[in-house]
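This briefing walks through selected features of the structure shown below, grouped by topic for a reader at the bench. Please keep the sequence and the 3D view open while reading.

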Amino acid sequence: MIRFVVRRLLQSVPLLIVISLLIFTLIHAAPGGPLSTYLENPNVRPEDIERLRKAMGLDRPLGLQYLSWLAAFVRGDWGFSYADGRPVLDRLVERIPATLELIGVACVMALIAALPAGILAAVNRRFDRVSSVFAVAGISLPVFWFGLVLQLVFAGALGWLPSSGRASFDGGDLLDRLAHLILPATVLAAALSAAWSRYLRRAMRDTVARPFIRAARSRGLSERTLLLHHALPNALPTFVTVVLLDISMLASGAVVTESIFAWPGIGSLFTEALGKRDYAVLMAFLMCGSVAVMVLNLVADLAVHALDPRTREGA
Amino acid sequence: MNTASLTSTSASDATSRAPRIAAYLLGALILGAVLAPALAPFAVDALDLANRRAAPSSLHWFGTDELGRDVMTRVLFGARVSLAIGLVSALVSAAIGAAVGATAGYGGRVVDDILMRITDAMLAIPRLPLLMITAAVLQPSVAVLVLLVGLAGWMETARVVRAEVLSLAARDFVAAARAMGASPLRVVLRHVLPGVVPAAAVATTLAVGRGILLESALSFFGVGVQPPSASWGNMLYQAQTTMTSEPWLAIFPGAMIFLTVLACNAVGDAIGAARG
Amino acid sequence: MKRLLIGSLPLALALTACGGGGSDTARAPKAAGDLLTIGYDREPDTMNRYATHILEDIESCVVEGLVVNDEKMNIIPVLALEVPTIANGGVTLQPDGGMDVTWKLRPGVKWHDGVPHTSADVKFTVDAINKGDWKPESVDGFDRIASVDTPDSLTAVVHYREVYAPYRLQFVRGTLPKHILDGKSIDAATDYNRKPLGTGPYRVVEWKTGEYILLEGVPNYWRGAEFPKIKRLLFKFLPNTTTRINQLKSGEVQLVALVPWDKVRELRGLPDVRLNQVVGNGYEHVTLNQKRFTPFADVVVRRAMAHAIDRDLIVNTLLDSLVTVVNGPIQPLSSAYEKNVTTYPYDPARARVLLDSAGWITGADGIRVKAGKRLAFTLITQSGFAIRENVSQTLQKQFRDVGIDASVRLIDGTSISSVWFKGDFDAMLHWWQQGADPEMTLFFASDRMPPAGRNINYFKDDSLTAMLYASDRTADDQQRITLLKAAQRRLAVLIPELPLYNTAKVDAVPARLTGFTGNPTNAGPFWNVYQWQLTAR
């Protein structure tokens, strides 16, 4: 097991370098640059643009810019934001807690909904039909649209909850934080739980169809024992893979949700940095996102190993 | 193997009317999209500034938008874009994903390692951010968006298929087939892939909705399908601030997305159940 | 999904029931007049007014300029005692072609840390900007200053190497505190850039990244202890427009500056909100890139296009009459505005005749052709800007009616600046937002095409160019205005670009806010924030 983990970590180093080259090329290929926003102001003259381009080192050849970025990055120097001149690391770190808070709560909510719903749907036809309608609704709602509807209803019409932000500036106690969390977490959790419950239902049904369950049934075990003690453990590997993959997708922030709810996480940092073509922040964000996904992938593989004895010798 | 007969669910599940209705619905949506120029009551770019934001009426069944354009016409033309993005990109994803997943799952350690690390790398780069950047680079057309969304989505299918293949390959009946001297290709095609279909079908049906939604998310950030071209996603985006005053602008494209995903899901379930 | 809805609803109810926590505090500040919450569309990059490249609304509450321009675009003194002019002896022309501007500072003004504000700060500001070891956004004007003398602590004499007509606004961004920044790297002076030291009515209490900036009134503001009237200002960062508007509707924010025009309609009738509208000093127009699409080089084609546009219809429908049709780049608010210029009323028949006369003959597909070239071009505009998306599609149709094929392409806000800066477009629907000074050389002089300027029509007219440069090189206001008026008449005849309508600056403010006037320029509505007051309901 340890050898497996070490091998995977070693393999990830060249992959990360390839990824960094790919995203560096991409973000520089996008039209505009850190100086684009300056152009909106007519008082900024072409002379100013030239002066700033030199000052920011943007006049150097791209290859050189990449190499100097890479050299600094591996030494732990992530550079300074083109937008506000602060260290990139500071800008990322101050955003991470908000994202973790939002994603953590959303995933817990989604699991609480998806586990029972998925199991019940696998065995109860009527519940399956009802829940599948809700699941499809959850999957088919555009996140931004659902978020805005929740804002209009719960913050606008009913006035029960704050429409966006992470806390009131003079509040910030637990209740206030929770009140701010509910809507964005619900939006995220809706899509996640819908997808997860469908996967679990599918996985449960497939397991129930296997011979060993048939055998167990013929031994006269109760449906409940059959489901929870025999079918569920066997359905879990696939389910866990999907859940961890989805979570890893969110590790880079829920870009749309954070934008709609003015949530001060790394997702909204990305949106802002992309708009300003803040190359330094974009690179750091995408690299961190990639590393997070790789780590969670590894965890997913380990979890599958741990949960499913049959694959142990397979890989 | 018939799944349904072994569970407490009745056998009629796969053959009940719901999937058939869903298939008809999906067919009708595709037909509507194909025949949009013939079916649409108005020209797609016909402006009528004197008749802006008109509520649904006998003349304009779905009402009119900010520029006085017929919403029904735009929903029909939007179907071409959104269905293309949803369906074609899901197929692209499914094909790549199944091929990569099956090869990795059955191809042995080295092949598995290489393919899965590539998958990991593709999966590792945050997807929506990556798409947003790529879309900003390419200023994409509908065809490019289809390809982008498809290329962005195959990794999950690959992972799911691989996990399924690994788990099937370890099973007795596969081992038995191998012991009887069947070639690896034959084992994969005859014994392993059919077992993978349910999982892949679910992943693919989910991908249809995800593709349509991904386009709408890109529209939300201004890098999706660009007006004057209509897609359900960008129509919904444009309707976001008028949801209380002109709800029809949001309701109709929203309902179309909902129906499409619902139909795909039902059809996918039926395929999965029948083959499973 | 079903579980989820059932699960979270009671939780929501419970939270509301047991105290309503944050939502109530956000909704109604404890004491009326204590706190004003502003929904702001972006987070500042830095609070250093000279370095930021977005609007200086928040900064201007803290750091005052020597002057500011008011809601009528008059330049009025703030930290200066008066605005120097030739008439009051503040401006003297030198025989070597240079110009001296003498700024008399207001006595008794102190930085928030109690240190007096002096002419040494003015000199330090000029020297720091000209030293070039940091990244001020613009050094316009500063690069023409040879030196600054400080004969006494309240007098700064600025020596320009040449006549510089917009000198009045040289210090609109205020001064940098010498006693804090001297000898430091200004780019790296995080303390100053995050919490700048100013002389204004407010100081920065807290900047919570990604969330808000909180300002608090200073105790001994130089205008008198009664100012500012509102104790605290809270700027919440809400980049998403719909979110911002929703928070305004729900009362979580009370003021939103620069409401997008397509959102104005839904804010009308909100009981607690007053919509304050001033005419903006900017104009929406279609730039015609003659270099890239050569048919635009023919003045007859340009005139025909102007006649083809029904600007009244666009203004009255798509823009809900928030703006008015304009005929040139300088707006009525400016003292240099020329009213009597050639105009091009909507007249498609005339447009067709003009195009025929220029040799553009209608082809089989209805699009005009001349010497094998179709009169077909791409009109770019900014995506995500609902009004522009709609206006561009209307223009497309109106051009089509006279046989011109304009295909619309939307480009995101960041990309489009680099596209136009490279001249990489045929035609573009956009605006220029201008300061209080009426300089137009940068936009229309022949030698000001990119990268040397913003003449992105790539339009060349020698007599216009001469007038514009002459207007820049006079310190005599009347002479400058005469030259600029002549330039506007010439522009209207040659019509290098198609002017559409002016901009409207609509600010949504609390109905009970008094003293708010708005501002037509990028000086922004916070220019007189010290006077604002929230009256009792």
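**Contacts and cores**

Leaving aside its neighbours within four places in sequence, B:Met132 is in contact with A:Leu274 as well as with B:Leu218, B:Phe221 and B:Val223. The model is a predicted one, and the points below should be read in that light.

- The largest nonpolar core holds 308 residues, and of these A:Ala106 and B:Met132 touch the most other members.
- Helix α9 of chain A, residues 174–208, gives the most to this core, contributing 19 residues.
- A second, separate core is made of 14 residues, including C:Ala336, C:Phe444, C:Ala445 and C:Leu468.
- As general background, nonpolar side chains in soluble globular proteins tend to be buried together.

**Chain B as a whole**

- Chain B has eleven helices and zero strands, so that its elements, read from the N terminus, run α-α-α-α-α-α-α-α-α-α-α.
- Along the principal axes, the C-alpha atoms of chain B fill a box of roughly 75 × 45 × 30 Å.
- Of the 276 residues in chain B, 59% are buried.
- When contacts in chain B between residues at least 6 apart in sequence are considered, 69% of them join residues at least 24 apart.

**Where the chains meet**

- Between chains B and C, 16 residues of chain B are in contact with 19 residues of chain C, and the side of chain B that touches chain C consists of seven nonpolar, seven polar and two charged residues.
- Between chains C and A, 59 residues of chain C are in contact with 75 residues of chain A.
- On the side of chain C that touches chain A, the elements that give two or more residues are α1 (2–17), α2 (21–27), β9 (212–217), β10 (232–237), α7 (241–250) and α13 (413–421) of chain C.
- The most is given by α1(C), with nine residues.
- By class, the side of chain C that touches chain A divides into 20 nonpolar, 27 polar and twelve charged residues.

**A four-stranded sheet in chain C**

- Chain C contains an open sheet of four strands in the order β4-β5-β7-β6, with antiparallel pairing.
- Its edge strands are β4 (91–93) and β6 of chain C, each of which pairs on one side only.
- Neighbouring strands of this sheet are turned against each other by 20° on average, direction ignored.
- The strands β5(C) and β7(C) pair in the antiparallel sense over six bridges, and C:Asp100 stands opposite C:His159 in β7(C).

**Helix α4 of chain C**

- Helix α4(C) lies across β5, β6 and β7 of chain C and runs at about 165° to β6(C).
- Because a helix is expected to advance 1.5 Å a residue, the 13 residues of α4(C) (residues 119–131) should span 18 Å, and the end C-alpha atoms are indeed 18 Å apart, which agrees.
- The residues C:Ser119, C:Asp121, C:Val122, C:Phe124, C:Thr125, C:Val126, C:Ala128 and C:Ile129 of this helix are buried.
- An α-helix has 3.6 residues a turn, so residues three or four places apart point the same way.
- The buried residues of α4(C) pack against β5 (99–104), β6 (145–152), β7 (155–160) and α5 (178–181) of chain C.
- Just after α4(C), C:Gly132 takes a positive phi of about 75°.

Notes. Residues are numbered from 1 along each chain as its sequence is written. Chains are lettered from A and ligands numbered from 1 in the order in which they are written. This is a predicted model: local features need pLDDT of at least 70, side-chain atom pairs count only at pLDDT 80 or more; totals for chains, interfaces and linings use all residues. A residue is buried if 20 or more other C-beta atoms lie within 10 Å of its own, exposed if 12 or fewer, and partly exposed in between; C-beta atoms are placed from the backbone. Two residues are in contact if their C-beta atoms, placed from the backbone, lie within 7 Å. The expected span of a helix is 1.5 Å times one less than its number of residues. A nonpolar core is a set of buried Ala, Val, Leu, Ile, Met, Phe, Trp, Tyr and Cys residues joined through C-beta atoms within 7 Å. Ala, Val, Leu, Ile, Met, Phe, Trp, Tyr, Cys and Pro count as nonpolar, Asp, Glu, Lys and Arg as charged, and the others, Gly among them, as polar. Two strands pair if DSSP finds at least two bridges between them. Axes are lines fitted to C-alpha atoms, for helices over the stretch in contact, and angles run from 0 to 180 degrees between N-to-C directions.
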